[in-house]
Structure formats: structure tokens, C-alpha cells
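Work through the exercises below with the sequence and the model open. Each task is followed by a solution in steps.

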Amino acid sequence: MENRITSDHITSLQPNEVFVFGSNLDGFHGGGAARQALKWGAIIGQGVGLQGNTYAIPTMFATEKEMQPYVDEFIQFAKGHPDKIFLVTEIGCGIAGFTPKDIAPLFEEAVEVENISLPKKFWKVLKKDFPH
């Protein structure tokens with residue numbers, strides 16, 4: 001993969017791409033990227049994991065530390081599916097009320113996973129050279 005920076009405006013997906021979005025545990029995908037995920041297979045009532053060409057990571061918690069197990073689970077899933085490209089959106093940075101500075105460190109392990117793309121703001125927080 002040449003570019004591991006997730007676009008700010010995803011309007012379509014290739015067959016091997018997975019739209020990674022922030023959700024709530026109840027799987028009510030009512031707004032933001034979660035609502036957008038419905039067009040690619042997100043399932044109302046499913047708040048975690050692979051759903052069509054989407055992957056839900058719960059973000060509606062009091063602290064970002066509560067998200068870490070779900071992010072870790074996602075990273076392990078991505079490692080096990082090298083045939084797919086995972087386009088991580090700015091999860092938790094909309095309705096959930098966190099900032100990239102809060103959330104990006106949760107993805108530190110994803111930096112080494114070639115099939116995970118992260119938002120530019122996450123890369124900046126992680127202080128990594130932008131991948132080419």
C-alpha cells in the first residue's frame with residue numbers, strides 16, 4: 001500500500017477496503033461516520049467488529065483508556081486479514097468528544113501494520129513520518 005493516510009472524505013470503497021468507524025456498544029449508528037458506514041454494511045444493533053465492508057470500534061466511553069481493548073482487538077483483526085486495507089477514520093473525535101491527541105496514542109501498535117491507514121491528524125500526534 002502506497003499511502004497509509006486515510007482520506008478525510010471517503011465516498012466509496014474498493015472491494016478490499018474496510019471503513020473503520022467509531023460506534024457505541026448498542027450499535028445505534030445514527031450520526032457521523034457511523035451513519036455513513038450503513039451504506040457499506042454496518043448493522044444496526046452491532047457495535048463492535050466487522051460488518052460488511054466496515055469495522056466498528058466503540059468510542060462512547062468516559063475515558064479513552066476504556067477504548068483501548070477494542071482498538072487492540074481491531075489491530076489484531078487487521079493483522080489476521082492482510083488481504084484487506086483498513087481505513088481508520090477519526091474515531092472518537094466527533095460525537096464522542098475526544099481529540100486526535102486523546103485517541104491517536106491508542107493506535108501506536110498500528111503504525112507497524114501495513115494494511116492499516118490512519119488519519120493525518122493521528123500520524124501527526126504519533127509524530128511519525130507520513131507513510132508514502
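**Exercise 1.** Which residues point one way from strand 2 and which the other way, and are they buried or exposed?

*Solution.* The coordinates belong to a predicted model. Begin with the side-chain directions: E17, F19, F21 and S23 point one way from strand 2, while V18, V20 and G22 point the other way. Next, check the burial on each side; all of these residues are buried. The count for the element agrees, since 7 of the 7 residues of strand 2 (residues 17-23) are buried.

**Exercise 2.** Find the strands that pair with strand 2, and give the sense of each pairing.

*Solution.* Take strand 5 (residues 85-88) to begin with: strand 2 pairs with it in the parallel sense, over 4 bridges. Within this pairing, E17 has I85 as its bridge partner. Then take strand 4 (residues 54-58), with which strand 2 also pairs in the parallel sense, over 5 bridges. Here V20 stands opposite Y55.

**Exercise 3.** Compare the expected span of helix 2 with the distance between its end C-alpha atoms, then locate its buried residues.

*Solution.* Helix 2 has 12 residues, and at 1.5 Å a residue the expected span is 16 Å. The end C-alpha atoms are 16 Å apart, so the two values agree. Now list the buried residues of helix 2: V71, F74, I75 and A78. They cover an arc of only 100° around the axis and therefore lie on the same side of helix 2. The general rule is that an α-helix has 3.6 residues a turn, so residues three or four places apart point the same way. Finally, ask what covers these buried residues; the cover includes strand 2, strand 4, strand 5 and strand 6.

**Exercise 4.** Identify the salt bridge in the structure and state which parts of the chain the pair ties together.

*Solution.* The structure holds 1 salt bridge. K79 forms this bridge with E109, and the closest N and O atoms are 2.6 Å apart. K79 lies in helix 2 (residues 68-79) and E109 in the loop between helix 3 (100-103) and strand 6 (116-119), so the pair ties together parts 30 residues apart in sequence. For the accessibility of the two partners, K79 is partly exposed at 40% relative accessibility, and E109 is partly exposed at 36%.

**Exercise 5.** What is K79 in contact with, leaving aside its neighbours within four places in sequence?

*Solution.* With those neighbours set aside, the contacts of K79 are E109 and V113. A further distance concerns I116, 37 residues from K79 along the chain: the C-alpha atoms of K79 and I116 are separated by 8.8 Å.

Technical notes. Residues numbered from 1 in each chain as written. Predicted model: local features only at pLDDT ≥ 70, side-chain atom pairs only at ≥ 80, totals over all residues. Heavy atoms only, no water. Salt bridge = Lys/Arg side-chain N within 4 Å of Asp/Glu carboxyl O. Helix = DSSP H or I, 4+ residues; strand = E, 2+ residues; numbered from the N terminus. Buried < 20%, exposed > 50% of the residue type's maximum accessible area, 1.4 Å probe, protein only. Pairing = 2+ DSSP bridges. Contact = heavy atoms within 4.5 Å. Expected span 1.5 Å × (residues − 1). Arc of directions from axis to C-beta.
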